[in-house]
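Visitor: I would like a close look at a single part of this model. Please start from one residue and then work outwards.

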Amino acid sequence: MSPARPRKLAKVPFVELADGRLQGVVSSGSDIERVYVSSVAAGSYAFACSTNNNRPCGGARGSFCNHIRALVNEAVLQYGAERVARYLRVETGDQEPSAPVLTTAMTSTSPPQGDTAAAAPVFSRFLRHLAYLELAPATAPLPEMQWFPPTRAVA
């Protein structure tokens, strides 16, 4: 099992395994101001890809577009191939999981076109993550980053 490796964020600045999907934001190769919100559903491999202003991706007609392929590649770098395969419920048989193996396995059954309804919340989370980059360095805790409630001392 290979460990997850650092990613270059220029092509795929945001990737997550959430809400039963692999989903994220992928930069356009042709327009610096355009990004695509792409996703693949676990189990069914239903996929969706649209721009940040809800225009459908021209390459995602009947099969995975290059944005979705880039998303899978970056997810494998960030989370590791085994974890992505488990989350998406991809059977790789005797083959060692990798981004090309996962993509081939998911597209071998002509996955259905997915719903683009998830694009808005995914893009919103991405923008929220970007906002943290604009904060001045500080040591004080951020309330929205405290995931666990404080524990009370037992008397």
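Where in the chain is the place of Tyr45?

Guide: Tyr45 sits in the loop between β3 and β4. Keep in mind that you are looking at a predicted model.

Start with the backbone of Tyr45. Its phi is near 60°, a positive value in a residue other than glycine. Most residues other than glycine have a negative phi. Now check how much of Tyr45 can be reached from outside. Its relative accessibility is 10%, and the cut-off for buried is under 20%, so Tyr45 counts as buried.

Compare Asn54. Its phi is near 65°, again a positive value in a residue other than glycine. Asn54 lies in the loop between β4 and α1, the helix of residues 66–79. Its relative accessibility is 54%, and exposed means over 50%, so Asn54 counts as exposed. Put the two together: Tyr45 is buried, whereas Asn54 is exposed.

Now step back to place these loops. The protein has four helices and four strands. From the N terminus on, the order is β-β-β-β-α-α-α-α. The protein has 155 residues, and 41% of them count as buried.

Look next at the strands on either side of Tyr45. β3 covers residues 35–41 and β4 covers residues 47–51. Both give residues to the lining of a cavity. The structure holds one cavity of 30 Å³ or more. The volume of the largest cavity is about 60 Å³. Three elements give two or more residues to its lining: β3, β4 and α4, the helix of residues 119–133. β3 gives the most, with three residues.

Which residues can you pick out there? Val37, Ser38 and Ser39 are among the lining residues. Ala48 and Ser50 are also in the lining. Further along the chain, the lining includes Asp115, Thr116, Ala117, Ala118, Ala119 and Val122. Gln23 belongs to the lining too. By type, the lining divides into six nonpolar residues, five polar and one charged.

Stay with β4 for its cysteine. Cys49 is in no disulfide. The nearest cysteine sulfur belongs to Cys65, 3.7 Å away. A disulfide needs two cysteine sulfur atoms within 2.5 Å, so this pair is too far apart for a bond. A search of the whole structure finds zero disulfides. Cys49 counts as buried at 3% relative accessibility. Cys65 also counts as buried, at 3%.

Go back along the chain to the loop between β1 and β2. Gly20 lies in this loop. At 35% relative accessibility, Gly20 counts as partly exposed. The C-alpha atoms of Gly20 and Ala42 are separated by 5.6 Å, although the two residues are 22 apart along the chain.

The loop between β1 and β2 also holds Asp19. Follow its side chain. Asp19 meets Arg125 in a salt bridge, at 3.3 Å from N to O. This pair links distant parts of the chain: Arg125 is in helix α4, and the two residues are 106 residues apart. Arg125 is buried, with a relative accessible area of 19%. Asp19 also forms a salt bridge with Arg21, the closest N and O atoms being 3.9 Å apart. These residues belong to a network of salt bridges that links Glu16, Asp19, Arg21 and Arg125.

The structure holds four salt bridges. One of them joins the side chains of Arg34 and Asp31, at 3.6 Å from N to O. Arg34 counts as partly exposed, at 30% relative accessibility. Asp31 is partly exposed as well, with a relative accessible area of 29%.

One last check: how confident is the prediction? The protein averages a pLDDT of 84, and 87% of the residues score at least 70. Confidence is highest in helix α2, residues 81–88, at 95. It is lowest in α4, at a mean of 82. That same α4 holds Arg125 and gives residues to the cavity lining.

To retrace the route, begin at Tyr45, in the loop between β3 and β4. Cross to the cavity that β3, β4 and α4 help to line. Then finish at the salt bridge between Asp19 and Arg125.

Technical notes:
Residues are numbered from 1 along each chain as its sequence is written. This is a predicted model: local features need pLDDT of at least 70, side-chain atom pairs count only at pLDDT 80 or more; totals for chains, interfaces and linings use all residues. Side-chain values use heavy atoms; hydrogens and water are left out. On a 1 Å grid over the protein atoms alone, a cavity is a set of points where a 1.4 Å probe fits but cannot get out, and a pocket is an open set with protein on both sides within 12 Å along at least five of seven lines; lining residues have an atom within 4 Å of a point. Grid points are joined across faces, edges and corners, and a volume is the space filled by probe spheres set on the points. Ala, Val, Leu, Ile, Met, Phe, Trp, Tyr, Cys and Pro count as nonpolar, Asp, Glu, Lys and Arg as charged, and the others, Gly among them, as polar. Buried means under 20% relative accessible area, exposed over 50%, partly exposed in between (1.4 Å probe, protein chains only). pLDDT is the predictor's confidence in each residue, from 0 to 100.
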